[in-house]
Amino acid sequence: MRRQTHQRRGTSGRLLLMLLLLGLVYYISQSDTFRIHWSLPFFREVTEEQFEVTGLHPVVAEKQNQLVERARKSGIKIIITEGYRSEERQDELFEQGRSTAGQIVTSARGGESYHNYGLAIDFAIRVSADKVIWDMDHDGNRNGKSDWMEIVAIAKELGFEWGGDWASFPDYPHLQYDFGYSIAELQRGKRPPGYKLDSEDLEASEE
Ligand SMILES: [Zn+2]
């Protein structure tokens, strides 16, 4: 008899403790102070904007304009030969030099290039109205430095990563601004915030 009473008291005590714990967990989950720290890692992926990209990211477009302008001030005219690239176009480029004619120009298939997400541009140097070059030794502004590398230096100051630094498949005209996103993340549908999908961007990306 005594033993049973003792046991019952123990059970109700445990029940009370469980209720208290549940209450505490509920309180923490509802509390704003805790919510900030708890929810970020769990909900980040859900709130990420996921949509198809059809133009240069506006931040990248702005940096592209700054690059062109700063190059001009250094006496170097550049043109942007590529910006946003559709996955179909990327697949076509990948086949170039493989199943179709021409030289191999990329190691990336559709969806594997930062161009496919509006986060990369390619440049070339314009030496006259009708002549564009990819000569890394050219010193058109005659300051004793390679124009190409001057552009690369400006681009790096603007936060671009240069494809010429890649060990496996160096891509000298290529500049990318990836916001720290890996291709794997972008392929999973993650997108850096800030895309504007208006006609202006679409036009800009087709230049
Ligand atoms: Zn490129």
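This is a guided tour of one protein chain, selection by selection.

**Whole chain**

The model is predicted. Start with everything shown as a cartoon. The secondary structure comes to 7 helices and 5 strands. Follow the chain along the sequence and the pattern reads α-α-α-β-α-β-β-α-β-β-α-α. Colour by burial next: of the 207 residues, 22% count as buried. Then turn to contacts between residues at least 6 apart in sequence: 62% of them join residues at least 24 apart.

**Strand β2 and its partners**

Select β2, residues 120–128. Add β1, residues 78–82. The two strands run antiparallel, joined by 4 bridges. To see one pairing, pick Ile 80, whose bridge partner in β2 is Phe 123.

Now add β5, residues 174–176. β5 pairs with β2 in the antiparallel sense, over 3 bridges. Pick Asp 122 here; its bridge partner in β5 is His 174.

Add β3, residues 131–133. β2 and β3 are also antiparallel, with 3 bridges between them. Together they form a hairpin, and 2 residues lie between the strands. Zoom in on Arg 126, which stands opposite Val 132 of β3.

**Ile 121**

Stay in β2 and centre on Ile 121. Is Ile 121 buried or exposed? Ile 121 is buried, because 26 other C-beta atoms lie within 10 Å and the cut-off for burial is 20 or more. Show its contacts beyond four places in sequence: Val 60, Gln 64, Ile 80, Glu 82, Gly 83 and Leu 175. Then draw a distance from the C-alpha atom of Ile 121 to that of Gln 176. The separation is 6.3 Å, although the two are 55 residues apart along the chain.

**Helix α5**

Select residues 147–157, which make up α5. Which residues of α5 are buried? They are Asp 147, Trp 148, Glu 150, Ile 151, Val 152, Ile 154 and Ala 155. Bear the helix geometry in mind as you rotate: an α-helix has 3.6 residues a turn, so residues three or four places apart point the same way.

Next, bring back what covers those buried residues. The cover includes α3 (58–73), β1, β2, β4 (161–162) and β5. Past the end of the helix, stop at Gly 159, which follows α5 and has a positive phi, near 100°.

**Where α3 meets α5**

Hide all but these two helices. Their axes are 10 Å apart, and the helices pack at an angle of about 135°. α3 and α5 are therefore oblique to each other, because the angle is not over 145, where roughly antiparallel begins. The crossing is right-handed. Show side chains at the contact: Leu 67, Arg 70 and Ala 71 from α3, with Ile 151, Ile 154 and Ala 155 from α5. These residues divide into 5 nonpolar, no polar and 1 charged.

**Two loop residues**

Finish with two backbone checks. Select Arg 142, in the loop between β3 and α5. Its phi is near 50°, a positive value in a residue other than glycine. Arg 142 is exposed, because 8 other C-beta atoms lie within 10 Å and the limit for exposed is 12 or fewer.

Move on to Phe 179, in the loop between β5 and α6 (183–187). Phi of Phe 179 is near 55°, again positive in a residue other than glycine. Phe 179 counts as partly exposed, with 19 C-beta neighbours inside 10 Å.

Technical notes. Residues are numbered from 1 along each chain as its sequence is written. This is a predicted model: local features need pLDDT of at least 70, side-chain atom pairs count only at pLDDT 80 or more; totals for chains, interfaces and linings use all residues. Two residues are in contact if their C-beta atoms, placed from the backbone, lie within 7 Å. Axes are lines fitted to C-alpha atoms, for helices over the stretch in contact, and angles run from 0 to 180 degrees between N-to-C directions. Angles under 35 degrees count as roughly parallel, over 145 as roughly antiparallel, 65 to 115 as roughly perpendicular and the rest as oblique. A crossing is left-handed if the near helix is turned anticlockwise from the far one by less than a right angle, and right-handed if clockwise. Ala, Val, Leu, Ile, Met, Phe, Trp, Tyr, Cys and Pro count as nonpolar, Asp, Glu, Lys and Arg as charged, and the others, Gly among them, as polar. Two strands pair if DSSP finds at least two bridges between them.
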